[in-house]
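Welcome! Here is a short briefing to help you find your way around the structure shown below. Take a first look, then read on.

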Amino acid sequence: MPNTLNRQIILKKRPRGLPRPDNFGYREMALPALKDGQILLRNLYLSLDPAIRGWMDEGEESYQPPIPLDHVMRAVTVAEVVESQNAAYAPGDFIMGLNGWEDYSISTGTGFVNKIPADNKLPLSIYLSVLGTTGLTAYFGLLDVGKPKSGETVLISAAAGAVGSVVGQIARINGCRTVGIAGGAEKCRQLVELFGFDEAIDYKSTADLEREINLKCPKGIDVYFDNVGGAMLEAALNCLKDGARIVMCGAISTYNATEPVPGPSNLWQLLVHNARLEGFIVSKYASRFPEGVSQLAQWLLDGSLQHREHVVPGLKNAPDAFLKLFNGENTGKLIIQMD
Ligand SMILES: NC(=O)c1ccc[n+]([C@@H]2O[C@H](COP(=O)([O-])OP(=O)(O)OC[C@H]3O[C@@H](n4cnc5c(N)ncnc54)[C@H](OP(=O)(O)O)[C@@H]3O)[C@@H](O)[C@H]2O)c1
């Protein structure tokens, strides 16, 4: 599309601690002509994920390389193919894949790109939330790594968030007792009344989280689905039942740390309880995504799965909106709706 300007949010300066406005830059670039094999995508929705914070750093080994300085910020997007030099894609196709904080992205159509079914009738943003990597993280993390059994107690941190709220509901569907930890009375009310958790713990209003966990999980924890790490992981480690499984999904309490984060002082509780702690990245399950999407869609359609999206309009609002993930202001899967 000659003469079309592409608005981009770029990484201007690496953050130290919580990102600030001056870590991001804004520019407008002319779109280059497509090369053989490439597709031009018009981004419709951007997914703001905690993992992006790690990609802004340099150094520590991760499953994605750091975003280079002065390059466009990276995100999973839902996009429409507007031009194609690739026989596998035609204008009018919709995809979900790893692109950027920009109006248009150019892709080779390989790697992390998934076509959205042509007969899709669901709102497209759902492919970034419950039918995207968020829902799939909850599905495979809980069922494959956590292996919950009916009657067991599943504790979830950041439970009112995008991944956590889906984990709790899948645990309930599988006959488990579900206890969620979230920040604030309103999120805790939502956990019980909207997402059907058995119990909720407001970590912001308790001085003794371990005591609260023991009160709400009197027989101990069978599965701890950890999105937070740090002190919350330490508290949960002291409340394990024999044979417990800890699913290490994320450690958001540490993502903005400016000094090395001390490890839990009580990891030996794993030994005491013959317990297992296992991390995972959802992309490990890429070949099984169709299975996950099909099951999650069925639960959505039969009403057993509720979900919330927190949609912020406007590309230029992405840097501010991103911070909501770290101060708890997001109420559901955080998504930018492009202008
Ligand atoms: N392993 C994987 O493949 C994979 C894939 C996707 C996501 N993840 C991880 O899953 C976790 C949740 O991601 P999400 O996209 O669903 O985000 P989210 O839960 O929708 O949003 C993040 C939430 O984390 C909570 N939080 C932030 N800082 C905290 C702190 N210092 N202590 C306690 N809670 C804090 C806040 O909720 P409160 O208001 O309750 O504090 C915030 O709303 C993240 O750790 C992410 O990295 C992992």
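A good place to begin is a charged pair: Arg16 and Glu259 form a salt bridge, with their closest N and O atoms 3.6 Å apart. Keep in mind that this is a predicted model. From that pair we can move on to the two domains, the ligand and a link between distant parts of the chain.

**The two domains**

- The domain assignment splits the protein into domain 1, made of 5–129 + 308–337, and domain 2, which covers 133–283.
- Measuring from C-alpha centre to C-alpha centre, domain 1 and domain 2 lie 28 Å apart.
- To the contact between them, domain 1 brings 18 residues and domain 2 brings 14 residues.

**Where the domains meet**

- About 1400 Å² of area is buried between domain 1 and domain 2, and carbon and sulfur atoms give 56% of this area.
- Which three residues of domain 1 supply more than any other three to the area buried against domain 2? They are Arg16, Tyr63 and Arg308, which supply 28% of what domain 1 buries there.
- Between domain 1 and domain 2 the count is 1 salt bridge.
- There are also 5 residue pairs in polar contact between domain 1 and domain 2, counting pairs with both residues at pLDDT 80 or more.
- On the side of domain 1 that touches domain 2, helix α10 (residues 324–327) gives the most, with 3 residues.
- Sorted by class, that side of domain 1 has 8 nonpolar, 6 polar and 4 charged residues.

**Around the ligand**

- The ligand has 26 residues around it, and those that come nearest are Val163, Lys187, Tyr203, Tyr255 and Asn330.
- The side chain of Tyr203 has an N or O atom 2.5 Å from an oxygen atom of the ligand.
- For Asn330, an N or O atom of the side chain lies 2.5 Å from an oxygen atom of the ligand.
- Phe280 takes part through its backbone, where an N or O atom is 2.9 Å from a nitrogen atom of the ligand.

**Salt bridges**

- Side chains of opposite charge can pair when their charged atoms come close.
- The count here comes to 23 salt bridges.
- One of them joins the side chains of Asp339 and Arg7, at 2.5 Å from N to O.
- Asp339 sits in the segment after β15 (333–337) and Arg7 in strand β1 (residues 5–11), so this pair ties together parts that are 332 residues apart in sequence.

Methods
Residues numbered from 1 in each chain as written. Predicted model: local features only at pLDDT ≥ 70, side-chain atom pairs only at ≥ 80, totals over all residues. Heavy atoms only, no water. Domains from an automatic or database assignment. Contact = heavy atoms within 4.5 Å. Buried area = accessible area lost by both parts, 1.4 Å probe. Salt bridge = Lys/Arg side-chain N within 4 Å of Asp/Glu carboxyl O. Polar contact = N/O pair within 3.5 Å; in protein donor to acceptor, adjacent residues only side chain to side chain. Helix = DSSP H or I, 4+ residues; strand = E, 2+ residues; numbered from the N terminus. Nonpolar A, V, L, I, M, F, W, Y, C, P; charged D, E, K, R; others polar. Near = heavy atom within 4 Å.
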